[in-house]
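Reader: Could you take me through one part of this protein up close, the second largest pocket, and then show me whatever else is worth a look around the fold? Keep it relaxed, I'm reading at the bench.

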Amino acid sequence: MTHYQAQDAAHHIHPFTDTAHLNQKGARVITHAEGVYIYDSKGNRILDGMAGLWCVGVGYGREAIVQAVSAQMRELPYYNTFFQTSHPPVIELAARLTSLAPEQMNHVFFTGSGSDANDTILRMVRHFWAAQGQPERQVIISRKNAYHGSTVAGASLGGFSVVHEQGGLPIPGIVHINQPYWYGDGGDLDPNEFGLQRARELESKILELGADKVAAFIGEPIQGAGGVVIPPLTYWPEIERICRKYDILLITDEVITGFGRTGEWFGADYFGIKPDLMTIAKGLTAGYIPMGGVLVSDRVFDVIANHGEFYHGYTYSGHPVACAAALATLNILESENLPQRVKSDIGPYLQERWLKLAEHPLVGEARMLGLVGGIELTPNKTKRAPFKVEKGTVGLICREHSFNNGLVMRHVGDTMIISPPLVISHSEVDELIEKATLTLDQTYAQAKDQGFFS
Ligand SMILES: *Cc1c(COP(=O)(O)O)cnc(C)c1O
């Protein structure tokens, strides 16, 4: 281990990590980054196929963000917005964001992260109903395998059973229905039919609980951390129809799908739905400074704003430096037309090549929407079979090969996922595909070798 690695192992607890296991080998230390590349302390250059953790849409090394942040730090490094005070960057950002958001959304509440934003949403929707004399409307329906963050409310809304087992989650009033995961659960069904079936589980759940008990439904337009689950096109419109039928608030968690990832500004725009609330974070500041928020529709705002004080807020709500980073990020997204670039240029270019990976003998399905995609590893394409070893083993082997080949791909079980910066060039896409192909070849050979095939 290097000095860095030893110190890291001695004192730093990593998120979502088996600490003892990591500390035997030491963390990879990333020292700098530029464009779509990260560099480690051993001098390796690695194409960042995950844009950090889904956030660095505009790429690394954007001087305009650095300038905006440092200028703001000189001008006003901090002030809160609690005591009937405000400041220029938060005012400008609120106006700017709501002009980009769907037309029904004209208000925003700022938070420090995506997790915080979902905590805010949980309280806001329950308060919304209570303020209208329906305090029994408490339940929020979410989905298995969803990711909504790591705070108590965020992790409860999330649908990972391993997460729920630690710390007594979920908190009361949150239930989970099945996800629209066609490759895993759709069998022989036509994907659009399957999408409708999965959406209608929402209706069954509402009827089971009683519509007068249900406050809201929350979902990621595309499930990210759950393995890039792209729903059939029938799914979201049907979810929206059911929410409207029973007068239940519709929340889209746009932390990954916001800010151009799908080729539209928000995932809701892509799927043609009009949510009542949207969670934002990650791409909002390109990860340069932490920030999240909740975009609030007129309907929800009118109730929240007219029922006295909402006893909720964070010290760093609307932090001026984070607002400056967000404004500079939005400037880049707009001036470089990045959502449009994803929709009509680099998106189709990567999709065409990525979907061809399905021809590889190790791959059961390749899927991609905008610039977010997944591939399912399997020893038997036609049966979509699992490997003869604990789930995730082959995925982890694949991730290791990928890193060593100079490409960040993440694994979720035996699904490999990517979400590269929106600024990735055509030749960088070629490099990504070349490295992914080599990685699949190596993983295939090793998995065969180790007897993981049937
Ligand atoms: C990352 C993520 C979150 C949590 O955001 P943090 O900033 O890590 O708290 C919430 N929802 C989705 C969909 C995410 O991908």
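Author: Start with the chemistry of that pocket's wall: in this predicted model, the lining of the second largest pocket splits into 16 nonpolar residues, 9 polar ones and 1 charged one. That wall takes in 26 residues, and T81, V108, F109, F310 and H312 are the ones nearest the centre of the pocket. The space inside comes to about 810 Å³. As for who builds it, α5 (88-100), β4 (105-111) and α13 (298-304) each put at least two residues into the lining. The largest share belongs to β4, with 4 residues.

Now for the enclosed spaces. There are 2 cavities of 30 Å³ or more in the structure, and the largest cavity holds about 80 Å³. Its lining is made of 13 residues, with C55, G57, G258, F259 and G283 nearest the centre. Sorted by type, the lining of the largest cavity has 8 nonpolar residues, 4 polar and 1 charged.

Next, have a look at R137, which sits in the loop between α6 (114-131) and β5 (139-143). This arginine is buried but makes no salt bridge. The nearest side chain of opposite charge belongs to D247, 4.5 Å away, and a salt bridge would need a side-chain nitrogen of Lys or Arg within 4 Å of a carboxyl oxygen of Asp or Glu, so this pair doesn't count as one. Setting aside neighbours within four places in sequence, R137 has plenty to touch: its contacts include R126, W129, A211, K213, Y246 and I248, and D247 is on the list too.

D247 itself deserves a stop. You'll find D247 in the loop between α11 (235-245) and β8 (249-253), where its phi is near 55°, a positive value in a residue other than glycine. With 34% relative accessibility, D247 counts as partly exposed.

W54 is another non-glycine residue with a positive phi, about 70° this time. This tryptophan is in helix α3 (residues 51-54). W54 is buried, at a relative accessible area of 3%.

One more backbone detail before you go back to the bench: the peptide bond joining L169 and P170 is cis, with omega about -5°. P170 belongs to the loop between α8 (161-164) and β6 (174-177).

How values were computed
Residues numbered from 1 in each chain as written. Heavy atoms only, no water. 1 Å grid on protein atoms, 1.4 Å probe; cavity = no way out; pocket = protein on both sides within 12 Å on 5 of 7 lines; lining within 4 Å. Points joined across faces, edges and corners; volume = space filled by probe spheres on them. Nonpolar A, V, L, I, M, F, W, Y, C, P; charged D, E, K, R; others polar. Buried < 20%, exposed > 50% of the residue type's maximum accessible area, 1.4 Å probe, protein only. Lys, Arg positive; Asp, Glu negative; His and termini not counted. Contact = heavy atoms within 4.5 Å.
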